[in-house]
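Reader: I've got a protein open on my screen and I'm not sure how to read it. Could we go through it together?

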Amino acid sequence: FVAPSGSDSNPGTSGAPFRTVQRGADAAGAGDFVNIAAGTYSESVSIDRSGNAGAPITFRRSGNGSVWIDGGCSVANVVEITGDNVTMQDIGVRRAAEATVRLDGADFATFERMTIQDWNCANGEDQYRAGIASWGGGRNLTVRQSTLEHRAGGSDVGFGNGIWIKNTGPSAGGGHVIEDNLITGGFDGIGGEPEDVSWGGMNRDTVIRRNTITDCNDDGIQAEGGTQN
């Protein structure tokens, strides 16, 4: 358990929670839930532990109210995930100089009912400065029922995709599910790289459906390359 009233020297129980999401991430293992109480957590979080198939590490809101992990536009990435089988549910992540959520070769990352705002505070002209940026050919990214907005205040049109996926080869990537999301602003709502090879950014067996995408600088959905299923 994590709460604004907690302490990182606590045992992380419901009665004696941790203070930071990072401390919860450091303590979690396969099948564990990191329960985060309402409040704003001004920090960046690095998740390098992995869950297992059927037993992910799950970060979720506990109780009523909103949970925000807020980078204050002073960190490159607010949440960075290098482990596999990590799930985040009902959490807000905002204000990154680059990507609000960055995945590095992470497989089976799942984001459900998330609110992601204010990526690319530095206004760099790179599409990986995204709401969710997946590097390294990670497989089976799922984003569903989430709201991604380039700017919570001000113009939404700009640089940095809502969701950006970087593939690395024909045997990497693929298996993604991106559905039932509201994506507002940025460069491409959903897109990735590379664009000039058959396996592309999305690659094989990817489902993109029932998303509402508005106010992009370029494409709503850019799925260039990727010719298999």
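Reader: Let's start with one residue: is Asp70 buried or exposed?
Author: Keep in mind that this is a predicted model. Asp70 sits in strand S3. Its relative accessible area is 5%, and the cut-off for calling a residue buried is under 20%. So Asp70 is buried.

Reader: Okay, and which residues does Asp70 touch, if I skip those up to four places away in sequence?
Author: Some of the partners are Thr40, Tyr41, Ser42 and Glu43. The rest of the list for Asp70 is Val78, Arg94 and Arg95.

Reader: Zooming out, how many helices and strands are there in the protein?
Author: Strands are what you'll mostly be clicking on, with 18 of them in the protein. The helix count is just 1.

Reader: What radius of gyration does the protein have, and how does that sit with a compact globule?
Author: The chain has 229 residues, and a compact globule of that length would come out near 17 Å. The C-alpha atoms fill a box of roughly 55 × 40 × 25 Å along the principal axes. The radius of gyration agrees with the globule value, because the protein has 17 Å.

Reader: What share of the contacts links residues 24 or more positions apart?
Author: Here you look at contacts with a separation of 6 or more. Among those, the residues 24 or more positions apart account for 68%.

Reader: Which cysteines form a disulfide?
Author: A disulfide is a covalent bond between the sulfur atoms of two cysteines. The count for this protein is 1 disulfide, and its sulfur atoms are 2.0 Å apart. That fits the cut-off of within 2.5 Å, so the pair is Cys73 and Cys121.

Reader: How many residues apart are Cys73 and Cys121?
Author: Cys73 is in the loop between strand S3 and strand S4. Cys121 is in the loop between strand S9 and strand S10. The pair links distant parts of the chain, 48 residues apart.

Reader: And what about Cys216, how far away is the nearest cysteine sulfur?
Author: Cys216 is in no disulfide. The nearest cysteine sulfur belongs to Cys121, and the distance is 18 Å.

Reader: Is the link of Cys73 and Cys121 left-handed or right-handed?
Author: Check the angle about the S-S bond, which is -45°. With that value, the link is left-handed.

Reader: Where is Tyr128, and which residues is it in contact with beyond four places in sequence?
Author: Tyr128 is in the loop between S9 and S10. With a relative accessible area of 23%, Tyr128 counts as partly exposed. Leaving aside neighbours within four places, its contacts are Glu98, Ala99, Ala133, Trp135 and Trp164.

Reader: Is Asp118 buried or exposed?
Author: Asp118 is in the loop between S9 and S10 too. Its phi is positive, about 55°, although Asp118 is not a glycine. At 13% relative accessibility, Asp118 is buried.

Reader: Which residue in the loop between S10 and strand S11 has a positive phi near 60°?
Author: You're after a residue other than glycine. This one is partly exposed, with a relative accessible area of 23%. The residue is Asn140.

Reader: Last one: which residues does a cis peptide bond join?
Author: Look in the loop between strand S16 and strand S17, where you'll find Pro194. Omega at the cis bond is about -5°. The residues joined are Glu193 and Pro194.

Definitions and conventions:
Residues are numbered from 1 along each chain as its sequence is written. This is a predicted model: local features need pLDDT of at least 70, side-chain atom pairs count only at pLDDT 80 or more; totals for chains, interfaces and linings use all residues. Side-chain values use heavy atoms; hydrogens and water are left out. Helices (H or I, at least four residues) and strands (E, at least two) are DSSP runs, numbered from the N terminus. The radius of gyration is taken over C-alpha atoms; the globule rule is 2.2 Å times the number of residues to the power 0.38. Contact means heavy atoms within 4.5 Å. Buried means under 20% relative accessible area, exposed over 50%, partly exposed in between (1.4 Å probe, protein chains only).
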